[in-house]
Structure formats: C-alpha cells, structure tokens
Amino acid sequence: MKFTLRQLEFFIALAQTKQISKAATRCHISQSSMTVAMRNLEEALNSQLFLRKPRGVQLTPSGERFLLHARKIISDSQHAIEDLQYQPELAAGELTIGIAKTLAAYLLPAIISEVEQHFPLMTLRFVEDDPAELIQQLRDKMLAFALVLTSNIIHDAGLNVETFIRSQRRLWVSQGHPLLNQPAIKLADIAGVPFIMLDTDKYPDVICQHWQAKGGQPNVTFTTTSFETVRSLVAKGRGVTILSDLVYRPWSLEGLRVMRKTIEDSATYMDVGAVLLQGKPLAESERMVLDYLRGIIIRLDDNA
C-alpha cells in the first residue's frame, strides 16, 4: 500500500469541497488528474473513499475514517518541516488571555502545548468564562485580549473585534437517520425532530433567533452544557443538533457514528477570533502571541 502526500492533499480538498471541479481548482490541477489521483488512492488503500453522486461526491464511512488519518499525516509532515526551521521566541513576561467556553473545550487542548513551546520564556495564563464576563475583564484591564466567538458578542465602539475564521454550522445526526435519505435537507425538515441543545456561549440565543427568522423554532427536548453529551445523544439517535465544523468529531465516546449534513436553506456560522480593548495597543510580546494564535486557529479550521 503506497500513496503520496500530494494524493492526500487532493483527497482532503475533495472531502472539503465535495466536487471534483472545485477540488481540482483548489489544487491547481485538471479535473481528470483529480479523478485519476482519487482512483489510484482508492486502489492503493483497497477501499472506497467516496460515493459518486450526480451533484458531487460524498465520503463513505471508510473515507470519513481515513480523512482523520490523512489530516494528521499532512499536519505531522508540515510540523516536521517547521521543526527543522524552528526557533523559539525569546520574548519574556506574563500574559493573561481570556477564552470562551466553547474554545476552551475544543481549541485549548489542541494549542496550549504548541504555544508554550513557541514562547518558552513567557508565562501564559488562560481564563475561561462567559463572553460578557470576558469583555468586562477586558475593560477592567485584567486581560490582554480574549479569544471568543465573535459572532455571539455585541460589537460596540469600545471594542476592537477581529474574526479569524468562519466555521459553518451543519446538521449532526446519527448513522442511519431517516434525514440522511433526503437528497436535500431544509430547516423545516428538522422542526419536528427532537433537538439536543448545547447551552454555552449564548449559542441557544443565536440558533433560536436564526430559526425564528426562518419562521420556525427547534423542538428542544434536552439542553446540556456538555459537548460530549450532545454528541452521544445524537449518535444514539435520541435527537439531532446543529453545530459548527470546528467542534465536529465523527465518533462519540461509545464509538457510535455522528454524521453531518449541510442544511440547504440555513447558512449560519460560528465566527472565531479575538476581542481587544479599543485604544489600548498591545505590547510587542502580546502582539506576537496573538499573531501566533491566529495562525494556529486558521490551520485548525483548514483541517476541520
């Protein structure tokens, strides 16, 4: 079994775009080259990675599993190159950074070791809290900046808000759910289905307001602050939810499959970025850490 890093890059692009033409354009190759590369990859793996459909392609369960490995292989290869060129920053001092609960659950474990290694002489302290509390701590000058869901906060004149990424929210359902048999899913199709609501970072307000703007409301049967509870209940077929790609994981703790589908008439996003105090310039060391965090978050979104 042999495959190349280039084939994995093509595979990831096709998994993200779900169309041969779009993936080929992203990778700067012809559609025929993309098709041949994917056929060769499937032959090398002796496994079907995609289902071919009239409007594009869809990952098979095997393709979903291999996507996780492909992303890790590409990420590890990039890190290997970066490690050869790595020079730790020599900035010193202490820095307190606010972080929203959603990002603390999914972002912090993925980035904290890398950030600390990159800034070995700095003492970095992350403070998790609700958005309103983080902004108040920012106004009280207790934080240098805060990493938040910029789509879930009020952008007033006293704040400088920068969005790093926009992570699309999609429908999460269990494997074999009847909704998966529909060629296209609309928000009205979900209205009568039990909905598992994640209660963190004002998400209930955001999704309910979006739903009401479309003329309906979710059928909320259970509310929890735990991501893993949402994932497990969805995987067991006890309900569906709508969450962003950044926090998506294909398997529950019980090893059950969670599928995701785009809602055709409901484009809503979880914007992730930083909020700073207007008129308070960052120190050089603070700016360096913020720039580094921005790069990591963008990279993680590319792999989502």
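Which residues lie nearest the centre of the largest pocket? In this predicted model, they turn out to be Lys 18, Val 57, Arg 170, Lys 261 and Thr 262, out of 43 residues that line the pocket. The space inside comes to about 1400 Å³. Sorted by class, the lining holds 16 charged residues, 14 nonpolar ones and 13 polar ones. Quite a list of elements chips in with at least two residues each: the helices α1 (5–17), α2 (20–27), α4 (61–84) and α11 (284–302), plus the strands β1 (50–53), β2 (56–59), β6 (159–174) and β10 (258–261).

Some of that stretch of chain carries a label. UniProt, in an unreviewed entry, lists residues 3–60 as "domain: HTH lysR-type". Across residues 3–60, helix makes up 62% of the chain and strand 14%, with the end C-alpha atoms sitting 19 Å apart.

Next comes the packing of nonpolar side chains. The largest nonpolar core has 59 residues, and Phe 145, Leu 147, Leu 171, Ile 242 and Val 289 have the most contacts inside it. Helix α11 is the top contributor to this core, giving 6 residues. Domain 2 (93–166 + 271–303) and domain 3 (167–269) both supply residues to the core, so it lies between them.

What about enclosed space? The count comes to 1 cavity of 30 Å³ or more, and the largest cavity holds about 80 Å³. Its lining has 13 residues, with Thr 102, Leu 198, Tyr 203, Leu 243 and Met 270 nearest the centre. By class, 7 of the cavity's lining residues are nonpolar, 4 polar and 2 charged. Domain 2 and domain 3 each provide at least three residues of this lining.

Key. Residues numbered from 1 in each chain as written. Predicted model: local features only at pLDDT ≥ 70, side-chain atom pairs only at ≥ 80, totals over all residues. Heavy atoms only, no water. UniProt positions renumbered as here; feature names shortened; annotations may be inferred. Helix = DSSP H or I, 4+ residues; strand = E, 2+ residues; numbered from the N terminus. 1 Å grid on protein atoms, 1.4 Å probe; cavity = no way out; pocket = protein on both sides within 12 Å on 5 of 7 lines; lining within 4 Å. Points joined across faces, edges and corners; volume = space filled by probe spheres on them. Nonpolar A, V, L, I, M, F, W, Y, C, P; charged D, E, K, R; others polar. Core = buried A, V, L, I, M, F, W, Y, C linked by side-chain atoms within 4.5 Å. Buried < 20%, exposed > 50% of the residue type's maximum accessible area, 1.4 Å probe, protein only. Domains from an automatic or database assignment.
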